[in-house]
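This briefing introduces one structure to a reader who has not met it before. It takes up contacts with DNA and then the packing of a helix.

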There are 2 protein chains.
Amino acid sequence: MTAREKLLECGISPSVQRLAVLDYLLNHRTHPTADEIYLALCDEIPTLSKTTVYNTLKLFVDNGVALMLTINERNVHFDGDVSLHAHFYCKRCGHLYDMPYSGKHPSKSRMQTMEGHTVEEVHQYYKGICRSCLQED
Amino acid sequence: MTAREKLLECGISPSVQRLAVLDYLLNHRTHPTADEIYLALCDEIPTLSKTTVYNTLKLFVDNGVALMLTINERNVHFDGDVSLHAHFYCKRCGHLYDMPYSGKHPSKSRMQTMEGHTVEEVHQYYKGICRSCLQED
DNA sequence: ATTAAAAATGTAATGAGTACAAACTTGTAA
DNA sequence: TTACAAGTTTGTACTCATTACATTTTTAAT
């Protein structure tokens, strides 16, 4: 499914800016920050505003097109892969790795409730020192 | 175990300010923010500085005395309960609920590694609308 | 008592994210 | 084709949680 189709399916009009942000998210599985996306798209769309990037990402998150990762307390990161998975955050280099989710998978078909709360998002992450940083010691 | 003993055990000198912050965390299981802690302790310790609260919380987190919860992208919350558990964050009222952890429990005795990464912290949280907010609809 | 290390404090700065109003685009219907 | 309204983008100014840093205070050891 193309980025355009994905947006149309969610009832989001596929403007040049929105397509560029979604394309970036789908083709760069690096969990970028809003700023990184903005800087990367500046060449392609010279008039791009940072506010547009923030607005677009919020729109995506609200419509289930992207995930907002609030692991790093400094920056929010975004993920174009909305399937159920966990993350590993390296305290030394700040890199975010994809990891398998460990735990009961919530039923995707209908919304799950837990202790009376309606669960809309499930997040799991680990923190520590990554493989790559450990090798440097 | 008293707050004082807990600090001594971790090699943290139990100053008035540190004891007050830890006491607050242990007696208020509300996952407070640094600002909430600061405001609550201002009466008790009139000379208290916000910087001290931040320094103290960072010290606690680095020594495993408290957890830093980065669920809400605006504010960091802190938890004096460092046992393995999950959280539920209500998107409407912002309340944080304790929840049981679902998934493989990491071995607490020795440090766990996952795909070569050294895991020091395990986090799990849910987002949605809480029981209390649902009743108001 | 002296002195050095540790801790606390206050102020100023940082910077990610947001509010908001103006400008621009798009589609639609006269 | 024009006119209009709704939706979208943009730039600027602002907020405010957190940090940097220099100064002051406290603690503990000699």
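In this predicted model, the side chain of Tyr54(B) places an N or O atom 2.8 Å from a phosphate oxygen of DNA strand D. Tyr54(B) is also listed among the closest of the 15 residues that surround this strand, together with Ser13(A), Ser15(A), Thr47(A) and Thr52(A).

**Contacts with the phosphates of strand D**
- Arg18(A) likewise has a side-chain N or O atom at 3.0 Å from a phosphate oxygen of DNA strand D.
- In Val76(B), by contrast, a backbone N or O atom lies 3.0 Å from a phosphate oxygen of DNA strand D.
- Of the strand D atoms within 4 Å of the protein, 75% belong to sugar or phosphate, while the rest belong to bases.

**The protein surface near strand D**
- At least two residues of this surface come from each of α2 and α4 of chain A and α4 (50–62) of chain B.
- The most is given by α4(A), which contributes 3 residues to the surface near DNA strand D.
- By residue class, the surface near DNA strand D comprises 10 polar, 3 nonpolar and 2 charged residues.

**Helix α3 of chain A**
- Helix α3 (residues 34–41) of chain A has as its buried residues Ala34(A), Ile37(A), Tyr38(A) and Leu41(A).
- Viewed down the axis of α3(A), these buried residues fall within an arc of 100°, so they line one face of the helix.
- An α-helix has 3.6 residues a turn, so residues three or four places apart point the same way.
- The buried residues of α3(A) pack against α2 (16–27), α4 (50–62) and β2 (77–79) of chain A.

Definitions and conventions:
Residues numbered from 1 in each chain as written. Chains lettered and ligands numbered in written order. Predicted model: local features only at pLDDT ≥ 70, side-chain atom pairs only at ≥ 80, totals over all residues. Heavy atoms only, no water. Buried < 20%, exposed > 50% of the residue type's maximum accessible area, 1.4 Å probe, protein only. Helix = DSSP H or I, 4+ residues; strand = E, 2+ residues; numbered from the N terminus. Arc of directions from axis to C-beta. Contact = heavy atoms within 4.5 Å. Near = heavy atom within 4 Å. Polar contact = N/O pair within 3.5 Å; in protein donor to acceptor, adjacent residues only side chain to side chain. Nonpolar A, V, L, I, M, F, W, Y, C, P; charged D, E, K, R; others polar.
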